[in-house]
Amino acid sequence: MRHGKKVAKLGRLHSHRKAMFANMVTSLFESEVIRTTNARAKELRRTAEHMITFAKRGDLHARRQVLRFIANKKIVSKLFEELGPRYQSRNGGYT
């Protein structure tokens, strides 16, 4: 039974889904817009908003948490220097 399981599987294994979302989030923060399916976009929104919330905190632990998911350090620095301050006064709903 799937009681309480709210993640969309999208026809992929956990490792493939995790890698796909890491790549999509990296592309989203790099170009700030991507084209994808509606189901993927809805799932990606959860991950992207979580990363922006980390960027709003801006401390070292938050940066390390983001680096666990996004491997590109240039994208992480853009997230913390540009996107985090951009949404500082907003309480969610960034995407």
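**Entry 1: the second largest pocket**

I began with the second largest pocket of this predicted model, and I found its lining to consist of L28, V33, I34, T36, A41, L44, R45, A48 and T95. I noted a volume of about 190 Å³ for this second largest pocket. I then asked which element gives the largest share of the lining of the second largest pocket. Helix α2 does, with 4 residues. Sorted by class, the lining of the second largest pocket holds 6 nonpolar, 2 polar and 1 charged residues.

**Entry 2: the largest pocket**

I turned next to the largest pocket, in which about 480 Å³ of space lies. I recorded that α1 (14-31), α2 (38-57) and α3 (60-69) are the elements that give two or more residues to its lining. The lining of the largest pocket counts 14 residues. Those that lie nearest the centre of the largest pocket are K18, F21, T47, M51 and F69.

Which element contributes the largest share of the lining of the largest pocket? I found that α2 does so, with 6 residues. I also sorted the lining of the largest pocket by class and obtained 5 nonpolar, 4 polar and 5 charged residues.

**Entry 3: aromatic rings**

I searched for aromatic pairs, and the count came to 1. The partners are Y87 and Y94, whose ring centres are 5.3 Å apart and whose planes meet at 50°, so I entered the pair as tilted. The label follows because planes under 30 degrees apart count as stacked and those over 60 as edge-to-face, with the rest called tilted.

Are Y87 and Y94 buried or exposed? I read a relative accessible area of 18% for Y87, which is therefore buried, and 10% for Y94, which also counts as buried. Both calls rest on the cut-off for buried, which is under 20% relative accessible area.

I also looked for a charge over a ring. I found R63 over the face of F80, at 4.5 Å from the ring centre.

**Entry 4: positive phi values**

I kept in mind that most residues other than glycine have a negative phi. I therefore noted L10, which is not a glycine and yet has a positive phi of about 55°. L10 is found in the segment before α1. With a relative accessible area of 23%, L10 is partly exposed.

I made a second such note for E32, a residue other than glycine whose phi is positive, near 65°. Where is E32 found? I located E32 in the loop between α1 and α2. Its relative accessible area is 37%, so I listed E32 as partly exposed.

**Entry 5: salt bridges**

I reminded myself that side chains of opposite charge can pair when their charged atoms come close. How many salt bridges does a search of the whole structure find? The search gave me 4.

I returned to E32, which forms a salt bridge with R86; the closest N and O atoms of this pair are 3.3 Å apart. R86 belongs to helix α4 (residues 73-86) and E32 to the loop between α1 and α2, so the bridge ties together parts that are 54 residues apart in sequence. I recorded R86 as partly exposed, at a relative accessible area of 43%.

I then examined R46 and E43, which are joined by a salt bridge with 3.4 Å between the closest N and O atoms. R46 and E43 are 3 residues apart in helix α2, which means that about one helical turn separates them. For E43 I noted a relative accessible area of 11%, so E43 is buried.

I looked up one further bridge, in which the side chains of R57 and D59 meet at 3.6 Å, N to O. R57, at 46% relative accessibility, counts as partly exposed, and D59 is partly exposed too, with a relative accessible area of 36%.

Finally, I checked for salt bridges that share partners, and I found that such bridges join E32, K78 and R86 into one network. I marked E32 in this notebook under two topics: its positive phi and its salt bridge with R86.

Conventions:
Residues numbered from 1 in each chain as written. Predicted model: local features only at pLDDT ≥ 70, side-chain atom pairs only at ≥ 80, totals over all residues. Heavy atoms only, no water. 1 Å grid on protein atoms, 1.4 Å probe; cavity = no way out; pocket = protein on both sides within 12 Å on 5 of 7 lines; lining within 4 Å. Points joined across faces, edges and corners; volume = space filled by probe spheres on them. Nonpolar A, V, L, I, M, F, W, Y, C, P; charged D, E, K, R; others polar. Phe/Tyr/Trp six-rings, centres within 6.5 Å; stacked < 30°, edge-to-face > 60°. Buried < 20%, exposed > 50% of the residue type's maximum accessible area, 1.4 Å probe, protein only. Lys NZ or Arg CZ within 6 Å of the ring centre and 35° of its normal.
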